[in-house]
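Open your viewer, switch to the cartoon view and get ready to select a few pieces one after another. Each stop tells you what to pick and what to look for.

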Number of protein chains: 2
Amino acid sequence: MGNENLTLLTDFYELTMMQGYYKNNSNDTVIFDVFYRNNPSGSGYAICAGLEQVIEYIKSIHFSKEDIAYLRSLNMFDEDFLNYLTDFKFTGDIHGVPEGTVVFPMEPLLKVIAPIMEAQLIETAVLNIINHQSLIATKASRVCYAAKGEPVMEFGLRRAQGPDAGTYGARAAVIGGCNGTSNVLAAKKFDVPALGTHAHSWIMSFDDEITAFREYAALYPNNATLLVDTYDTLRSGVPNAIKVFTELRDAGNMPKRYGIRLDSGDLAYLSKKARKMLDAAGFKEASIVASSDLDEYLIDSLKTQGAAINSWGVGTNLITSKDCPAFGGVYKLAAIKKDGKFIPKIKLSENPWKITNPGNKTVYRIYDKETGKIKADLISMADEKYSEDNPLKLFDPLATWKKTYLKAGTYTLREILKPIFKDGKCIYKSPSVMEIREYCLKEQDTLWDETRRLVNPHDVYVDLSNELYQLKNQLLDNININNLN
Amino acid sequence: MGNENLTLLTDFYELTMMQGYYKNNSNDTVIFDVFYRNNPSGSGYAICAGLEQVIEYIKSIHFSKEDIAYLRSLNMFDEDFLNYLTDFKFTGDIHGVPEGTVVFPMEPLLKVIAPIMEAQLIETAVLNIINHQSLIATKASRVCYAAKGEPVMEFGLRRAQGPDAGTYGARAAVIGGCNGTSNVLAAKKFDVPALGTHAHSWIMSFDDEITAFREYAALYPNNATLLVDTYDTLRSGVPNAIKVFTELRDAGNMPKRYGIRLDSGDLAYLSKKARKMLDAAGFKEASIVASSDLDEYLIDSLKTQGAAINSWGVGTNLITSKDCPAFGGVYKLAAIKKDGKFIPKIKLSENPWKITNPGNKTVYRIYDKETGKIKADLISMADEKYSEDNPLKLFDPLATWKKTYLKAGTYTLREILKPIFKDGKCIYKSPSVMEIREYCLKEQDTLWDETRRLVNPHDVYVDLSNELYQLKNQLLDNININNLN
C-alpha cells in the first residue's frame with residue numbers, strides 16, 4: 001500500500017451515502033466508534049495495531065483526476081458532488097489507542113469525530129487496516145506466549161494473503177512479540193531484523209548435502225544454521241552438520257551462532273535425538289530451530305513433550321491467523337451533533353450484547369495498585385471525571401447485580417484513548433515498530449496469567465459507567481416507542 | 001502493491017542463497033515448479049489466479065539505490081554481489097496456466113526456467129501472489145456454485161487482511177464468479193462492477209427510518225435497495241420499504257431495480273415473510289438481498305430451506321477464505337542444467353505423495369470427447385508427444401495397478417501450460433478480469449457435478465506419464481544409495 005493512492009479503498013456505499021448527505025446539505029459532525037465484539041482465536045485479550053498506517057492513509061487522502069473521472073464514468077454521481085470530492089480532505093478529530101496496547105471487546109479502539117461525509121468515507125480503510133494488524137499482533141502474542149520467551153521468527157510471506165498481508169502482517173507480528181521476519185521488504189520498511197538462512201533448494205543444487213553445508217558455513221561465518229531435513233534428518237542431515245561444525249572447530253573458525261533447522265517430521269523426537277547427537281559431539285551451543293506448520297498449540301505441545309527446540313520459525317498459521325483469519329472490528333455511529341450538541345445514537349440488535357454504546361465516550365483502564373495487573377476497563381462518557389483518590393464502584397452492564405467496590409488507594413487509572421488528529425491535523429507521532437514491541441511486552445505484563453493462557457482464558461471485565469448505562473437504557477426505551485409499527 | 005517497488009518482497013534466505021551462488025560462480029539454469037498438494041476448503045478442484053500480477057511483478061523487478069543501501073547496512077553482503085544486484089533483471093522463461101483455469105493438486109501451475117539466482121529471488125513473491133488469488137478465486141467459485149447462478153457480490157474489504165488482500169481478493173473473487181465488488185479501488189483498477197447502496201448509519205442519521213428510505217430512493221432512482229434491519233425487520237423495515245415503493249409507484253416513479261437487504265437475524269424466516277409482504281403489496285419484482293456472515297454452506301442451507309433470497313452479499317468468509325485461509329502452493333527445484341542438459345532433481349519426504357516430480361515437465365488435460373468433461377490430467381516430460389489419434393493408457397502413480405485405457409477418438413487433449421516469458425520478455429497478454437471470469441465459468445463447466453459438489457467431492461485423477469514415473473523411481477533409488485550414511 002506504500003505509494004498507492006488509497007482514497008478509493010472504500011466501499012461503494014460510502015460514496016453513494018456521501019452524495020446523499022451532500023445533496024441533503026446534511027454534513028453534520030458525527031462520532032463513529034471502532035470496536036470489536038470477540039477476541040480472535042479464543043484469546044482473553046487482543047493487541048491493537050495498525051494506527052500508524054491509519055494515520056498515513058488519512059493524511060494522504062485525495063481524489064485524483066483519474067479517481068474523479070472513474071466515478072463520473074459510473075453515471076451515479078453529479079458534477080457538484082464530484083467537484084466537492086476534488087477538494088476533499090479530512091478535517092476532523094481522531095482519538096485512538098496506541099499500537100501495542102492490550103484491548104478488550106466493546107471498548108472504542110478509535111473514535112472519529114468529523115463531518116459525516118468524511119467520517120463515512122474513511123470507514124472501510126480504517127477497519128481494513130486495524131482489523132488486519134490487530135489480528136496478526138494478537139496471534140503473534142499468543143505464539144510468543146507459547147514459546148515462553150524463546151525467539152519466534154515470522155516466516156509466512158509466501159502464504160500471506162497478498163503482498164500487504166505479508167508486509168504489514170510482519171509488522172504486526174513483530175509488535176506482538178516476534179523478534180524478526182524473513183520478509184526483506186518489511187524488515188527494511190519498519191527497521192526490524194531480517195532473518196533466515198537457506199532453503200532445500202540450496203542443498204539440492206549441490207551434488208551432495210555436506211558440500212552444501214560446507215559452502216554455506218564458509219560464506220556466513222556469523223550464523224551457520226543448517227537445514228538438515230532435505231534427505232534424511234538423523235541419518236544424513238545432522239551427521240553432516242556435525243561433520244561441518246567439527247571441521248570449523250578444528251580449523252579455529254567456529255561460527256558465532258550455529259545450529260540446525262528442522263522443517264519436517266516429528267519435531268519432538270527429531271529435536272531430542274539431534275540434541276543428543278550435537279551434545280555428544282561437543283556442540284552444546286548449537287541451536288535447534290523448528291519450522292513446520294507451527295502455531296501456539298503445537299509449540300505448547302512440543303514444550304510439554306520436552307522437545308529440544310530453542311528457536312521457532314512460524315509461517316502460515318501466524319501470517320493468516322489460520323484458526324481465525326478475521327478480526328471483527330466494526331465502525332458504528334455513536335452520536336450526531338445538532339445545534340452544537342451531540343445527540344447520542346444507538347444501533348439495536350436482537351442480541352443484547354450486540355447493541356452499541358451511544359454517545360461521546362472514553363475508556364479508562366483500572367489497575368490493581370499492588371500488582372500492576374488490570375482489574376477492569378471502564379467505558380464512560382468523555383466528560384466524566386474519575387480520580388484515584390475516590391472509591392470506585394463497578395458493575396457488569398448485562399448482570400447489574402454483579403458489583404465490585406474499589407477502595408481509594410488500591411487502584412490506579414489510565415485513560416487509554418489518546419488524541420491522534422485534531423481539526424484534520426495529526427498531533428501524534430508513532431513510535432518505531434521495535435519501540436511498540438517493547439511497549440507491547442510491558443502491556444502484556446499487565447495481564448493476569450489466567451487471561452494470557454491459550455485455552456479458556458479468564459475474561460477481563462469491560463464495564464460501563466453508570467451515566468453511560470443510564471443513557472443506553474433510556475435510548476432503548478425511546479426506540480421502542482418511536483420507531484416500530 | 002500498485003506502484004510500490006516489490007523487489008525486496010522476498011525471503012531473506014533467497015538473498016543469502018543468491019550471494020552463495022554468486023560467490024561460487026554457480027548461476028546454472030534451473031527449473032522450479034509451482035504446484036500445490038491439497039485443494040483448499042475440501043474442494044474437488046482449485047481455480048488458478050494471479051498470473052497478471054506475477055507478470056507485473058517480474059517486469060518491474062529492480063533493486064533501487066535505496067534497496068542496495070539497505071542491504072549494505074546489514075553487513076551480510078559484499079560489494080561485488082551488491083553491484084550484481086544493481087543491474088539485476090529477470091532473463092528466464094516462464095510457462096504458466098492461464099488465470100481462471102481449473103487445476104488440481106501436484107500439477108505445475110507455473111514453471112520457471114532461469115539462472116538459479118533469478119529463479120530463487122522471485123520464489124516468495126510468486127508464491128505469495130498465486131497462493132492468495134488462487135485461494136480466493138476457488139472460494140468464490142464454491143460460493144457461486146451454492147448460489148446456483150444468482151448474483152454474488154464481494155463485500156469483504158473491511159475484514160480483508162490488509163489493502164491488497166481486499167483489492168486483489170476482489171479481483172480473484174470476480175474471476176471465481178462474483179458479479180462485482182463493493183471495493184471501489186478494485187472496481188476501478190480491474191474494470192469490474194462497483195456494487196452497494198447504503199449502511200445502517202444512513203438510516204440512523206435521519207430522525208426516522210422512512211425518511212431515510214424516501215431520501216435514498218429519491219436520490220438513486222435506478223436502484224432502490226433498502227436496508228431493512230436497523231430497528232426491526234418485519235415490524236419496521238419491510239413495512240416502511242413497502243410504503244416508499246408504494247409512494248414511488250403512485251407517483252409513476254417506480255425504480256428500475258428495487259428491493260430490500262437483510263443483514264441480520266434468521267434469513268430463512270425473514271426472507272420468506274418479507275417476500276409474502278412484498279408480494280401482497282404488488283411488489284413481486286422486488287429483490288431480496290442477504291448479507292450476514294454467509295459462506296457456501298450457509299447459502300446451500302438457505303436454498304434447501306426455501307429462503308426467498310435472490311442476491312447474495314458475501315464478506316468475511318469469502319475475502320479471507322475463512323475455513324481455509326491459505327493455499328499451499330510451493331516452489332520446488334525440478335532440474336539443473338549442466339553442460340547444456342537438464343539433470344532432474346527430486347525432494348524426498350517421508351510421505352510418498354509429498355515427494356516432488358523431477359525434470360522438465362508439462363501438463364496435458366484429457367477430456368471426454370462426448371461430454372467435454374475432464375477425464376484426467378497427465379503430467380509428462382515436456383518433450384513427450386501425445387496425439388488424440390492414438391489410444392492412451394493412464395495409471396495411478398501411487399497405486400499403479402489402477403489403470404485406464406482411452407480409445408482413440410473418445411478423448412481430446414489440451415496442454416494447459418502456456419508460454420508467458422521467453423528470455424526475460426513477456427510474450428503473453430493477460431485478458432481483462434471480466435474476460436477471465438467468462439473463461440472461468442466455461443472451465444467450471446468441464447468439471448463433473450461430482451467434482452463440484454461442496455462436500456466429499458470426487459477427485460480428478462492427476463496421473464504421471466510412464467516416462468516421468470520411471471525417472472522418479474530411478475532418482476529415488478539413487479538417493480538412497482548416495483546420500484544416506
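Before the first stop, a word on terms: strands (E, at least two residues) and helices (H or I, at least four) are DSSP runs, numbered from the N terminus. Two strands pair if DSSP finds at least two bridges between them.

This is a predicted model, where local features need pLDDT of at least 70 and side-chain atom pairs count only at pLDDT 80 or more, while totals for chains, interfaces and linings use all residues. Residues are numbered from 1 along each chain as its sequence is written, chains are lettered from A and ligands numbered from 1 in the order in which they are written, and side-chain values use heavy atoms, with hydrogens and water left out.

**Stop 1: a hairpin in chain A**

Select residues 361-368 and 374-381 of chain A: these are strands β14(A) and β15(A), joined by 7 bridges and running antiparallel. Together they form a hairpin with 5 residues between them, and A:G372 in the turn has a positive phi of about 75°. Now pick out A:Y364, which stands opposite A:L378 in β15(A).

Is β15(A) mostly covered or uncovered? It is mostly covered, with 7 of its 8 residues buried; buried means under 20% relative accessible area (1.4 Å probe, protein chains only).

Next, add residues 461-464 of chain A, strand β21(A), which runs parallel to β15(A) and is joined to it by 4 bridges. Here A:D377 stands opposite A:V462.

**Stop 2: over to chain B**

Select residues 374-381 of chain B. Because 7 of the 8 residues of this strand, β15(B), are buried, the rest of the structure largely encloses it. Now show B:A376: its bridge partner in β14(B) is B:I366, and B:A376 also stands opposite B:Y461 in β21(B).

**Stop 3: an open sheet**

Return to chain A and look for six strands in the order β7-β6-β11-β10-β9-β8; they form an open sheet with parallel pairing. Its edges are β7 (180-181) and β8 (223-227), each with a single partner strand, so one side of each has no neighbour in the sheet. At one edge, 2 bridges join β6 (residues 152-154) to β7(A), with A:M153 and A:G180 as bridge partners.

**Stop 4: the nonpolar core**

A nonpolar core is a set of buried Ala, Val, Leu, Ile, Met, Phe, Trp, Tyr and Cys residues joined through side-chain atoms within 4.5 Å. The largest one has 298 residues, and those with the most contacts inside it include A:L71, A:I122 and B:W312. Helix α5 (residues 116-146) of chain A gives the largest share of this core, 17 residues.

How values were computed:
Buried < 20%, exposed > 50% of the residue type's maximum accessible area, 1.4 Å probe, protein only.
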